Amino acid sequence: MTEAARVLALLAECGHTLAAAESLTGGLVAAELTGVPGASAVFRGSVTAYATDLKHELLGVDRALLAERGAVDPEVALQMAAGVRARLGADWGISTTGVAGPEPQDGQAVGTVYVAVAGPAGAGAGAGKVVSLRLNGGRAEIRRESVRSVLALLDEELSGNARAQDTEHNGGN
């Protein structure tokens, strides 16, 4: 089972939905998810906000934060995940932002990537979780690893959330 199929199955099990906000991955996360038959049962959609101004306009990322730190920042990633979750009416939001190359951007080295997840209140991600990555390789490799990493982060959060629910349903044992 692919990582995409696994997270979609976990989402379906708990009756939750997912939305994605992408920058450097340019739609690859959405393509990976929609490549799984039945994805439409839980995947609401995605926003590819490649341009920095669109991160504010479409996803609600704080304009001052973008001006101060640029688009490649952990807080930007968190706000993208929370923004797409709210804008698309999903239970969970995931995001990718970073520098795939070939040149550095906003003072950030090629391979600097942030992936984030924002989930419902009380879930493992709650307010959100971001992971900082320093990836090697060419542009295509960095983008592929970013997709794998954001889906793995979501899997980790969903699996933790499922364990918490199991404990709650089993009397805390």
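These legends walk through some close-up views of a predicted model.

Residue numbers start from 1 in each chain, following the sequence as written. Because the model is predicted, local features need pLDDT of at least 70 and side-chain atom pairs count only at pLDDT 80 or more, while totals for chains, interfaces and linings use all residues, and side-chain values use heavy atoms, with hydrogens and water left out.

**View 1. The whole chain, from end to end.**
Start with the parts list: 6 helices and 5 strands. Helices (H or I, at least four residues) and strands (E, at least two) are DSSP runs, numbered from the N terminus. Walk along the sequence and you meet them as α-β-α-β-α-α-α-β-β-β-α. The chain has 173 residues, and 47% of them count as buried. Here buried means under 20% relative accessible area, exposed means over 50%, and partly exposed is in between (1.4 Å probe, protein chains only). About 8000 Å² of the chain is exposed, with carbon and sulfur atoms supplying 48% of that area. Those areas come from the Shrake-Rupley method with a 1.4 Å probe, and for residues only the protein chains shown count as cover. Now take contacts (heavy atoms within 4.5 Å). Of those between residues at least 6 apart in sequence, 64% join residues at least 24 apart.

**View 2. Helix α1 and the loop after it.**
Several residues in α1 are buried, namely Ala-4, Ala-5, Val-7, Leu-8, Leu-10 and Leu-11. Just past the helix, Gly-15 has a positive phi of about 70°. Next look at Thr-17, in the loop between α1 (3-13) and β1 (18-22). Is Thr-17 buried or exposed? Thr-17 is buried, at 18% relative accessible area. Setting aside neighbours within four places in sequence, the contacts of Thr-17 include Leu-11, Val-42 and Trp-92.

**View 3. Val-47 and its company.**
You'll find Val-47 in strand β2 (residues 43-48). Its relative accessibility is 14%, so Val-47 counts as buried. What does Val-47 touch, once residues up to four places away in sequence are not counted? The partners are Ala-20, Ala-21, Glu-22, Leu-58, Leu-59, Val-84 and Leu-88. Take Leu-58: 11 residues separate Val-47 and Leu-58 along the chain, and their C-alpha atoms are 7.8 Å apart.

**View 4. Helices α3 and α5 side by side.**
Here α3 (residues 52-59) packs with α5 (residues 74-87) at an angle of about 40°, their axes 9 Å apart. Axes are lines fitted to C-alpha atoms, for helices over the stretch in contact, and angles run from 0 to 180 degrees between N-to-C directions. The two helices are therefore oblique to each other: under 35 degrees would be roughly parallel, over 145 roughly antiparallel, 65 to 115 roughly perpendicular, and the rest is oblique. On the α3 side, Lys-55, His-56, Glu-57, Leu-58 and Leu-59 make the contact, and they meet Val-76, Gln-79, Met-80, Gly-83, Val-84 and Arg-87 of α5.

**View 5. The loop between β3 and β4.**
Two backbone details turn up between β3 (92-98) and β4 (112-118), and Pro-102 lies in this loop. The peptide bond joining Gly-101 and Pro-102 is cis, with omega about 15°. Asp-106 is found in the loop as well. Although Asp-106 is not a glycine, its phi is positive, at about 50°. With a relative accessible area of 45%, Asp-106 is partly exposed.
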